[in-house]
Amino acid sequence: MTARVISVINQKGGVGKTTTSVNMSHGLALSGYRVLAIDLDPQAHLASSLGITREDIAGLDAVFLKGVPLHSVQITVRENLKLISAGGHLNEVENLDGGKSRGLLLKRALDQYNEDVDFIIIDSPPSSGLLVINALFAAEEILIPMTGDYLAMQGLSHLMATLTNFEEALQKSYKQWIVLSRFHDRRRLAQEVRDKLIEYFPDSVLQTSISEAAALAECPGFGQTVYEYRPNSKSADEYTSLVNDLISGRVF
Ligand SMILES: Nc1ncnc2c1ncn2[C@@H]1O[C@H](COP(=O)(O)OP(=O)(O)OP(=O)(O)O)[C@@H](O)[C@H]1O
Ligand SMILES: [Mg+2]
């Protein structure tokens, strides 16, 4: 399997991790890439944003708690797009025995996953607990959605320090991407934060920022991605452009 495995991470809540995961996954799928989207958040917002609201279907919880293979719980949600939902018991993973190996659950499940996919997008919860550790072990690339304010910058330095610790411990080096996912393009502060990010993290900030837009907040209520809800919107265009940034590594 030669998929690019990308974990979408930020310990801060509500920054656009799920919105980015959903619309990027669908954007990639619409461009003809085969995508597996994984809901690593017990809130299960990735699944519901894609219109999957049944709580009784098994998902990643069964993979982690019962050892069933990933492919047995994947569901095809759009052309070229498969989903592993969180399942209703994913938060119980925190109670599992097994010490350090509990952080490797997702990585091991992916190592056994033999299907041909081009991208695996992992949406993670707003925490720095065991589930996020699983996201860090499993991925080679980290995508960090950020809002454009100064407190977000502080949170980011904390996150970057965590990533560096992981890199040292695992002797690997992540490709790190930052996306401004709730960008107020008319606010000077947002522009300033973007400039600072580019200065501090050269080769990481993706060129397209996603503007704050009502359409993006409305989509999940309809179980639709922006490409379905408002295909001709600025938001849809921005996501397509962001997808192309990610495909070709277009950064500032
Ligand atoms: N660019 C945007 N414009 C407008 N609303 C947005 C945008 N991005 C995200 N939102 C909205 O903001 C809220 C939080 O976004 P989202 O759920 O994607 O964040 P998150 O980081 O996944 O949150 P959590 O940490 O709880 O998992 C949602 O209601 C979402 O619809
Ligand atoms: Mg989320």
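Me: Is Phe-119 buried or exposed?
Reply: Phe-119 is buried, with a relative accessible area of 4% (buried is under 20%, exposed over 50%, partly exposed in between, with a 1.4 Å probe and protein chains only). This is a predicted model, where local features need pLDDT of at least 70, side-chain atom pairs count only at pLDDT 80 or more, and totals for chains, interfaces and linings use all residues. Residues are numbered from 1 along each chain as written, chains are lettered from A and ligands numbered from 1 in written order, and side-chain values use heavy atoms, leaving out hydrogens and water.

Me: How many aromatic pairs are there?
Reply: Four (Phe, Tyr or six-membered Trp rings with centres within 6.5 Å; planes under 30 degrees apart are stacked, over 60 edge-to-face, the rest tilted). In one of them, Tyr-33 and Phe-119 have ring centres 5.4 Å apart and planes at 90 degrees, so this pair is edge-to-face.

Me: Where do those two sit in the chain?
Reply: They are 86 residues apart: Tyr-33 is in the loop between helix 1 and strand 2, and Phe-119 is in strand 5 (helices are DSSP H or I runs of at least four residues, strands E runs of at least two, numbered from the N terminus). Tyr-33 is partly exposed, at 27% relative accessible area.

Me: Switching to the sheet, what's the strand order?
Reply: The order of the seven strands is 3-4-2-5-1-6-7, in an open sheet with mixed pairing (a pair needs at least two DSSP bridges). Strand 3 (74-78) and strand 7 (175-182) are the edges, each pairing on one side only. Strand 2 (residues 35-39) and strand 5 (residues 119-123) run parallel, joined by five bridges, and Leu-36 stands opposite Ile-120 in strand 5.

Me: Which strands does helix 1 touch?
Reply: Helix 1 (residues 17-30) packs on the sheet and touches strands 1, 2, 3, 4, 5, 6 and 7 (contact is heavy atoms within 4.5 Å). Its direction makes about 165 degrees with that of strand 5 (N-to-C angle, 0 to 180 degrees, between lines fitted to C-alpha atoms, for helices over the stretch in contact).

Me: Nice. Which residues of helix 7 are buried?
Reply: Ala-190, Val-193, Arg-194 and Leu-197. Seen down the axis, they fall within an arc of 100 degrees, so they line one face of helix 7 (the arc uses directions from the axis to the C-beta atoms). They pack against strand 6, helix 6 (150-170) and strand 7.

Me: And what's on the face turned away from the buried side?
Reply: That face of helix 7 carries the exposed residues Arg-188 and Glu-199.
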